[in-house]
Amino acid sequence: MWQAEVRVDLDAIRENVARLRAGTTAEVMAVVKGDGYGHGMLPAARAALDGGATWLGVCTLDEALTLRREGVTAPVLAWLLAPGLPLHEGVEADIDLNAASTDQLAELVAAADRAGRPARAHLKIDTGLSRGGATAADWPALVEAAAKAQAAGSVEVVGVWSHFVYADAPGHPTIDRQLAAFHEALAVAERAGLRPRYRHLANSAATLTRPDTHFDLVRPGIAVYGLSPVAGDTYGLRPAMTARARVIVVKRVPAGTGVSYGHTYHTERETTLAVVPLGYADGVPRHASNAGPVRLAGRNRTVAGRVCMDQIVLDCGDDPVAAGDVATLFGSGADGEPTADDWAAAVGTINYEIVTRFGSPRVPRVYDGLRA
């Protein structure tokens with residue numbers, strides 16, 4: 001008998017990727033960073049490849065090397081690389097690596113020399129996010145250095161890429177500005193003699209709403225897991241994660257009873273309280289105190305009082321509730337339960353944060369749709 005679990009529907013991931021693939025002429029890189037957005041990197045990666053993805057995207061070298069150690073042979077791009085990492089291990093494992101500055105490019109060249117084979121590089125241009133990527137002023141020096149390294153046989157420039165600021169607001173003026181900046185960066189790279197096979201810019205939102213940004217490769221992340229990056233439209237995606245637990249304690253209490261730490265909630269009348277064994281150590285946001293929606297006994301209820309490290313409390317009124325009943329924090333919504341979007345709205349965040357929180361080792365992930 002289980003106490004709490006996160007269920008992941010791998011068929012939903014397969015279907016979501018197939019839907020994304022059907023909507024573009026570009027190849028699809030499924031982003032599986034952050035342990036597959038909380039869904040489990042390896043099962044999510046394999047399901048995404050089943051669904052038609054041809055690439056996988058991660059942040060860290062360790063994530064990429066884990067995929068290789070587990071037998072994943074598809075192309076993998078790793079892009080968040082601190083100085084001094086053993087990048088030669090990535091080169092040896094045929095992992096594509098990001099370079100957003102001449103210093104990073106020099107590290108790739110050194111890694112290639114140590115590995116005895118060219119490093120597969122993707123050069124990143126900052127088109128407006130002001131995060132990773134070379135600025136427009138630094139871009140010519142980066143592409144010229146990359147062209148020289150490629151001519152010397154140290155680097156193969158596989159891609160040029162960037163990332164959107166605000167594609168989740170279709171029609172926002174930053175989208176067209178960034179697209180224009182990306183076209184200019186590609187022209188600068190071409191003048192330096194670089195003609196990479198993959199030009200990629202589109203995240204989930206742009207994959208769904210801006211086909212003119214797809215180029216050769218799109219990089220959906222949250223959409224792979226069935227959550228829409230654009231408010232008000234699901235685009236036919238199906239959420240893959242359900243978080244739920246069994247009630248462990250049920251008790252009748254009188255009106256005016258204070259509930260949980262600080263007594264920020266008091267019962268209005270005699271009522272039934274149900275204790276659910278999931279808390280902020282398991283991924284429940286503490287901001288969900290007196291706000292988070294939970295489905296129990298056929299109704300959606302609100303967390304009563306503060307979220308604790310290990311548990312939450314629900315005020316169930318006079319509804320029949322028993323220990324062992326299943327309380328669903330969020331799921332696909334198909335049975336009336338709250339969704340990750342509902343939780344995000346309740347606590348003032350985004351659906352990405354809700355699902356990525358649920359990675360505690362004491363709450364097992366259970367997979368539906370596993371294939372041999």
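Guide: Helices here are DSSP runs of H or I with at least four residues, and strands are runs of E with at least two. The model under discussion is predicted.

Visitor: What do those runs amount to over residues 240-368?

Guide: Over that stretch the chain is 12% helix and 33% strand, and the C-alpha atoms at its ends are 10 Å apart. UniProt, in an unreviewed entry, lists residues 240-368 as "domain: Alanine racemase C-terminal". The protein as a whole has 11 helices and 19 strands.

Visitor: Why is K33 called partly exposed?

Guide: Its relative accessible area is 29%. Buried requires under 20% and exposed requires over 50%, so the 29% of K33 falls in between and the residue is partly exposed.

Visitor: What makes K33 a residue of note in the record, and where does K33 lie?

Guide: The unreviewed UniProt entry lists K33 for "modified residue: N6-(pyridoxal phosphate)lysine". In the model, K33 lies in helix α2, which spans residues 33-37.

Visitor: Which residues is K33 said to contact, and what makes each of them a contact?

Guide: Leaving aside neighbours within four places in sequence, the partners of K33 are G57, V58, C59, E63 and W79. A contact needs heavy atoms within 4.5 Å, and these five residues therefore meet that limit with K33.

Visitor: Why is A334 called buried or exposed?

Guide: A334 has a relative accessible area of 65%. The cut-off for exposed is over 50%, so A334 is exposed. A334 lies in the loop between β18 (326-330) and α10 (340-347). From A334 to V294 the separation is 40 residues in sequence and 14 Å in space, C-alpha to C-alpha.

Visitor: How many cavities of 30 Å³ or more does the structure hold, and which residues line the largest?

Guide: The structure holds 1 such cavity, and the volume of the largest is about 30 Å³. Its lining consists of H39, Y225, L227, P239, A240, M241, F330, A340 and V355.

Visitor: How do you know which class each lining residue belongs to?

Guide: Ala, Val, Leu, Met, Phe, Tyr and Pro are among the types that count as nonpolar, and the lining has 8 nonpolar residues. His is not among the types named as nonpolar or charged, so H39 counts as polar. The lining has 1 polar and no charged residues.

Visitor: What share of the whole protein counts as buried?

Guide: Of its 372 residues, 52% count as buried; each of these therefore has under 20% relative accessible area. The accessible surface comes to about 15,600 Å², of which 50% belongs to carbon and sulfur atoms.

Terms used: Residues numbered from 1 in each chain as written. Predicted model: local features only at pLDDT ≥ 70, side-chain atom pairs only at ≥ 80, totals over all residues. Heavy atoms only, no water. UniProt positions renumbered as here; feature names shortened; annotations may be inferred. Buried < 20%, exposed > 50% of the residue type's maximum accessible area, 1.4 Å probe, protein only. 1 Å grid on protein atoms, 1.4 Å probe; cavity = no way out; pocket = protein on both sides within 12 Å on 5 of 7 lines; lining within 4 Å. Points joined across faces, edges and corners; volume = space filled by probe spheres on them. Areas by Shrake-Rupley, 256 points an atom, 1.4 Å probe, with all protein chains shown as cover.
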